[in-house]
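Reader: I have a sequence and a 3D structure in front of me. Please show me how to read them, one feature at a time.

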Amino acid sequence: QVQLQESGPGLVKPSQTLSLTCTVSGGSLTSKYYYWSWIRQPPGKGLEWMGAIDYRGVTFYSPALKNHISISRETSKNEFSLQLTAVTPEDTAVYYCVSSRIPRIFEDWGQGTQVTVSS
């Protein structure tokens, strides 16, 4: 079973960049056919898939976020990261990193990390 752990600041100011890292254990970012996603849940709302990076390093983004999201990886550390630019209070959410072997079939989840966008 793959274990995932999110890390990053819990408070970000409006217009700044939100940066989170997911550390993966029990599996490799380059294991064939794996996808590594970021999903968030704003307060009182449902889950939103934000984007993913696959085992080849190819990225996929939600059309709603494509202009200010970036996902990257550091294979030597078995970590992948999320950057969300120009955040607003609407980006306040619990952020999860998630693994899957079939796109959009989410298997293993990190515990989630609360990020609040506020001045």
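Author: We go from the whole chain to the core and then to single residues. Keep in mind that this is a predicted model.

Reader: How many helices and strands does the protein have?

Author: The protein has zero helices and eleven strands. Written along the sequence, the pattern is β-β-β-β-β-β-β-β-β-β-β.

Reader: How do I judge how compact the protein is?

Author: Compare the radius of gyration with the value that the globule rule gives for that chain length. Here the radius is 13 Å and the rule gives 14 Å for 119 residues, so the protein is as compact as a globular protein of that length. Along the principal axes, the C-alpha atoms fill a box of roughly 40 × 30 × 25 Å.

Reader: Which share of contacts joins residues at least 24 apart in sequence?

Author: Start from contacts between residues at least 6 apart in sequence; of these, 53% join residues at least 24 apart.

Reader: What part of the protein is buried, and what does its surface consist of?

Author: Buried residues account for 41% of the 119 residues. The accessible surface is about 6,200 Å², and carbon and sulfur atoms hold 49% of that surface.

Reader: Why look for a nonpolar core?

Author: In soluble globular proteins, nonpolar side chains tend to be buried together. In this model the largest nonpolar core has 25 residues, and the members that touch the most others are Leu18, Trp36, Trp38, Phe80, Leu82 and Tyr95. Strands β3, β4, β5, β7, β8, β9 and β11 each supply at least two residues of this core. Strand β3 gives the most, with four residues. There is also a second, separate core of five residues, with Ile39, Ala52, Tyr96 and Val98 among them.

Reader: Is a residue in a loop, such as Val87, buried or exposed?

Author: Check the relative accessibility, where buried means under 20%. Val87 is in the loop between β8 and β9, and its relative accessibility is 2%, so Val87 counts as buried. Beyond its neighbours within four places in sequence, Val87 is in contact with Val12, Lys13, Pro14, Ser15, Gln16, Leu18 and Val117. The C-alpha atoms of Val87 and Thr17 are 6.3 Å apart, with their positions 70 residues apart along the chain.

Reader: What about the serines, Ser62 and Ser99?

Author: Ser62 sits in the loop between β6 and β7 and is buried at 8% relative accessibility. Leaving aside neighbours within four places in sequence, its contacts are Trp49, Met50 and Gly51. Ser99 belongs to strand β9 and is buried, with a relative accessible area of 1%. Not counting residues up to four places away in sequence, Ser99 touches Val2, Leu4, Tyr34, Tyr35, Trp36, Ile105, Phe106, Glu107 and Asp108.

Reader: Which sign does the phi angle usually have?

Author: Most residues other than glycine have a negative phi. Tyr33, in the loop between β3 and β4, has a positive phi near 75°. Arg104 is not a glycine either, and its phi is positive at about 70°. Arg104 lies in the loop between β9 and β10 and counts as exposed, at 51% relative accessibility.

Reader: Where do the charges of the protein lie on average?

Author: Take the mean position of each sign and find the separation. The protein has 10 positive and 9 negative charges, and their mean positions are 5 Å apart.

Notes:
Residues numbered from 1 in each chain as written. Predicted model: local features only at pLDDT ≥ 70, side-chain atom pairs only at ≥ 80, totals over all residues. Heavy atoms only, no water. Buried < 20%, exposed > 50% of the residue type's maximum accessible area, 1.4 Å probe, protein only. Contact = heavy atoms within 4.5 Å. Core = buried A, V, L, I, M, F, W, Y, C linked by side-chain atoms within 4.5 Å. Rg over C-alpha atoms; globule rule 2.2 N^0.38 Å. Areas by Shrake-Rupley, 256 points an atom, 1.4 Å probe, with all protein chains shown as cover. Lys, Arg positive; Asp, Glu negative; His and termini not counted. Charge placed at Lys NZ, Arg CZ, Asp CG, Glu CD.
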